[in-house]
Amino acid sequence: MSASAVMFYILGALVLTFGVLTVFTRKIFRAAVYLLLSLIGIAAIYIIMDMQFIAALQIVIYVGGIVVLIIFSIFLTHQAGERLPSRLPKHLLWSILLSGVGLLLATHILYHFSYKPSIEPAIEHSVKNIGTQLIDFRSYGYVFPFEVVSILLLAAMVGSIIIAMKTKKN
Amino acid sequence: MRALIQYIKDVAQGFYSLSQGLLLTLKYFVRPWKHIVEQYPENRTTTIYIPEKFAGEVVLPHDENNRHKCTACTLCEMACPNGTIKIISATIEGEDGKKKKVLDKWVYNLGMCTMCGQCVDACPQDAITMKNSFELSVYNRNDLIKVLNKPGSKLKEKES
Amino acid sequence: MTLTIQFSDITKWIHETLNASMSPGWALFSEFVLAGVAMILLVVVLAVLFVYMERKVAGFMQLRLGPHRVGPWGTMQVFADVFKLLLKESFAPFTVDKFLFNFAPILVLAVAFMAMAPISFAPGLQLWDMNIGILYVTAVSSIGVIGILMAGWSSNNKYSLLGAMRSGAQIVSYELSAGLSLVAVIAMCGSLSISDIIASQADGWWIFKGHLPIMFAFVVYVIAGTAETNRAPFDLAEAESELTAGYHTEFSGMQFGMFYLTEYINMAVISMVATTVFLGGWLPFHIYGFDAFNNVMNFIPSWIWFFGKTFFIIFLMMWFRWTFPRLRIDQLLKLEWKYLLPLSIINVVIVAFLVVMGWHF
């Protein structure tokens with residue numbers, strides 16, 4: 001077994017362990033930290049696959065952005081330091097059922113998907129190519145989703161400003 | 001437009017005032033020989049300056065004939081808020097046969113003194129005063145209890 | 001000049017010797033271990049120098065002499081402090097969240113170490129020449145804020161929590177303008193890789209070559225970098241007079257030492273990135289046309305150039321710290337969101353315009 005395979009299995013085990021811990025811990029702040037470690041593990045797997053740009057974006061967006069936001073909202077919630085109450089049996093049953101169905105569906109799709117070997121040369125995943133592809137309007141370009149997402153983010157930002165804005169009382 | 005000009009003006013003014021502070025500290029940094037902070041234990045015998053008004057401890061000055069001015073009236077003992085002073089007086093018989101109260105021991109507990117100076121203010125004879133001494137710490141607490149009148153000292157009579 | 005040993009020759013020799021004696025996997029592993037040990041040694045030496053320098057600079061700027069009792073000119077003072085921290089018990093109060101409390105300093109320190117991976121100290125002396133070097137540094141250093149939040153939360157102390165929240169808000173906001181000022185240079189040289197950025201400055205450092213926009217970006221980067229490392233005048237996260245010591249109030253012994261070390265490593269990372277991006281990395285200072293002067297400059301080894309520039313920027317940050325009073329939290333956020341961020345966005349637009357028109361060098 002090569003060194004990179006060993007690293008991959010170690011990282012995979014870590015990602016899965018922390019994912020499971022995220023779900024099963026009864027302390028909400030620890031859940032956020034386990035989620036963070038799991039996401040960092042995924043970034044490391046990207047680096048093993050030689051996808052450094054994706055790995056850096058994973059860290060910037062998920063770790064530097066989303067987990068920090070989650071932690072801030074945990075800080076602002078009431079009684080966040082206490083242990084969550086244990087699950088109700090009814091909720092437990094439903095969640096086991098739903099997640100089992102989801103697992104079955106995912107494995108079914110994975111096993112019956114016909115992976116077609118491609119003869120096209122692999123696209124060079126340099127930062128320049130990713131950037132050009134992102135704002136390309138010819139075939140396989142992503143300019144439309146890019147613009148739609150940016151409009152969505154702009155709307156969200158304007159909305160949050162309006163919610164947070166103080167109205168002057170005259 | 002006026003707001004924009006004001007904004008740029010604010011930024012420029014901010015940078016100017018910050019640069020003033022930076023230049024001052026840089027001036028201090030590059031001229032270490034002009035530093036005013038003294039190196040205390042080394043300058044103890046050379047450049048150290050303790051002002052006359054500094055209240056370090058209470059002393060009972062004696063003149064060249066080993067005479068002090070204390071009449072053992074105990075006004076200082078009563079004025080002291082901390083019970084620092086203890087006047088032990090003795091009664092002796094003067095040459096004219098009258099009994100007379102004189103100072104035997106002027107006991108001063110430096111460890112309890114807060115250098116408030118009320119004893120000095122209370123003294124009608126100006127017998128005691130504050131001295132600007134420092135480094136008064138000792139290894140034993142009993143050493144802080146001092147007898148201020150020297151052995152064999154006598155009352156300095158007023159020249160009337 | 002023929003006898004010069006390049007650092008790449010040394011690394012190549014180590015690589016070949018290791019591969020000759022063991023299997024490639026184990027050779028790779030021992031190379032990792034060697035690189036890690038070298039990095040730790042470098043960081044420890046740098047941290048000792050920084051702490052000593054900080055104290056001396058602080059002293060001189062306040063008309064004092066700084067440490068001068070322990071050892072000649074106080075040089076042993078840092079070692080005395082480190083041994084004191086090592087000998088102290090790492091005490092955890094009994095209401096803290098033990099796992100997070102012990103994990104936070106390790107995470108913060110590990111992240112600070114990781115951010116140093118792609119930095120090139122001299123030609124060939126680089127741990128990992130990745131094609132997204134600068135992005136990697138900014139990405140990895142954004143994990144550090146979570147360690148600070150963890151430390152503040154797990155301490156179960158209102159001052160720690162307040163300090164952590166202030167620190168989080170501060171780092172998250174100042175990352176924006178730091179990133180945008182780096183984007184200005186990246187747009188001009190067209191690459192994220194550290195070695196490419198240094199190579200693009202062979203005919204002049206970006207701060208001279210890029211004219212006003214890059215000079216402005218440099219100023220913004222130094223301000224934002226000072227804020228990101230939680231140093232005065234932006235040290236609200238550990239403002240002694242208000243929050244005892246902020247997020248590391250409850251930490252003692254070497255756990256506190258780790259936070260202290262991290263502050264200096266983060267400073268080193270910020271100034272090394274500024275050196276690489278704006279001041280030409282390990283490239284010597286050249287004036288176009290003065291060949292004699294340029295030859296003298298070439299004679300100075302490249303690693304001295306690199307660390308000299310790094311120490312210059314560290315000195316700038318120390319100079320700020322010992323000159324300026326601390327900002328209030330509203331002033332801090334106002335400075336970022338009302339002044340630095342709009343100005344750096346305009347700056348990036350100007351740089352993009354210059355690059356598109358081809359007016360840059």
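**Exercise 1. The length of a helix**

What should the 21 residues of α2(A) span at 1.5 Å a residue, and how far apart are its end C-alpha atoms?

Solution. The model is a predicted one, and the helix in question, α2 of chain A, covers residues 28-48. Step one is the expectation: at 1.5 Å a residue, taken over one less than the number of residues, the 21 residues of α2(A) should span 30 Å. Step two is the comparison with the model, in which the end C-alpha atoms of α2(A) are 31 Å apart, a value that agrees with the expected one. Just beyond the helix, one may also look at A:Asp50, which follows α2(A) and has a positive phi, near 65 degrees.

**Exercise 2. The surroundings of α2(A)**

Find which residues of α2(A) are buried, and what covers them.

Solution. A residue counts as buried if 20 or more other C-beta atoms lie within 10 Å of its own. Under this criterion the buried residues of α2(A) are A:Phe29, A:Ala32, A:Val33, A:Tyr34, A:Leu35, A:Leu36, A:Leu37, A:Leu39, A:Ile40, A:Gly41 and A:Ala43. The next step is to ask which elements lie over these residues: the cover includes α1 (3-24) and α3 from chain A, and also α4 (98-114) and α6 (144-154) from chain C.

**Exercise 3. The contacts between chains**

Work out which chains touch, and describe the side that chain A turns to chain C and the side that chain C turns to chain B.

Solution. There are 2 pairs of chains in contact, and of these chains A and C share the most contacts. Chain A and chain B, by contrast, do not touch, and their nearest C-alpha atoms are 21 Å apart.

For the contact of chains A and C, 20 residues come from chain A and 22 residues from chain C. On the chain A side, α2 (28-48) and α3 (52-76) each supply at least two residues, and α3(A) gives the largest share with 12 residues. Sorted by class, this side of chain A has 15 nonpolar, 4 polar and 1 charged residues.

For the contact of chains C and B, 11 residues of chain C meet 11 residues of chain B. Helix α2 of chain C (residues 24-61) gives the largest share of the chain C side, with 3 residues, and by class that side has 9 nonpolar, 1 polar and 1 charged residues.

**Exercise 4. An enclosed helix**

Decide whether helix α5 (residues 133-141) of chain C is largely enclosed or left open, and name what its buried residues pack against.

Solution. The count comes first: 9 of the 9 residues of α5(C) are buried, so the helix is largely enclosed by the rest of the structure. The buried residues are C:Gly133, C:Ile134, C:Leu135, C:Tyr136, C:Val137, C:Thr138, C:Ala139, C:Val140 and C:Ser141. They pack against α3 of chain A, and within chain C against α4, α6, α7 (158-189), α8 (194-199) and α12 (253-278).

**Exercise 5. A sheet in chain B**

Establish the order of the strands in the open sheet of chain B, and state why one side of β3 and of β6 is left without a neighbour.

Solution. Begin with the pairs. Strand β3 (residues 85-93) and strand β4 (residues 99-109) of chain B pair in the antiparallel sense over 9 bridges; B:Lys86 stands opposite B:Val107, and B:Ile87 has B:Trp106 as its bridge partner. These two strands form a hairpin with 5 residues between them, and B:Gly97 in the turn has a positive phi of about 90 degrees. β4(B) also pairs in the antiparallel sense with strand β6 (residues 145-147), over 3 bridges, with B:Asn109 opposite B:Ile145.

Put together, the 3 strands form an open sheet in the order β3-β4-β6, with antiparallel pairing. β3 and β6 of chain B stand at the edges with a single partner strand each, so one side of each has no neighbour in the sheet. Neighbouring strands of this sheet are turned by 30 degrees against each other on average, direction ignored.

**Exercise 6. An asparagine in a loop**

Determine where B:Asn65 lies in chain B, and whether B:Asn65 is buried or exposed.

Solution. B:Asn65 is in the loop between β1 (57-59) and β2 (67-68) of chain B. A residue with 12 or fewer other C-beta atoms within 10 Å is exposed, and B:Asn65, with 8, is therefore exposed. B:Asn65 and B:Leu75 are 10 residues apart in sequence, while their C-alpha atoms are 25 Å apart in space.

Note on methods
Residues numbered from 1 in each chain as written. Chains lettered and ligands numbered in written order. Predicted model: local features only at pLDDT ≥ 70, side-chain atom pairs only at ≥ 80, totals over all residues. Contact = placed C-beta atoms within 7 Å. Helix = DSSP H or I, 4+ residues; strand = E, 2+ residues; numbered from the N terminus. Nonpolar A, V, L, I, M, F, W, Y, C, P; charged D, E, K, R; others polar. Pairing = 2+ DSSP bridges. Axes fitted to C-alpha atoms, helices over the stretch in contact; angles between N-to-C directions.
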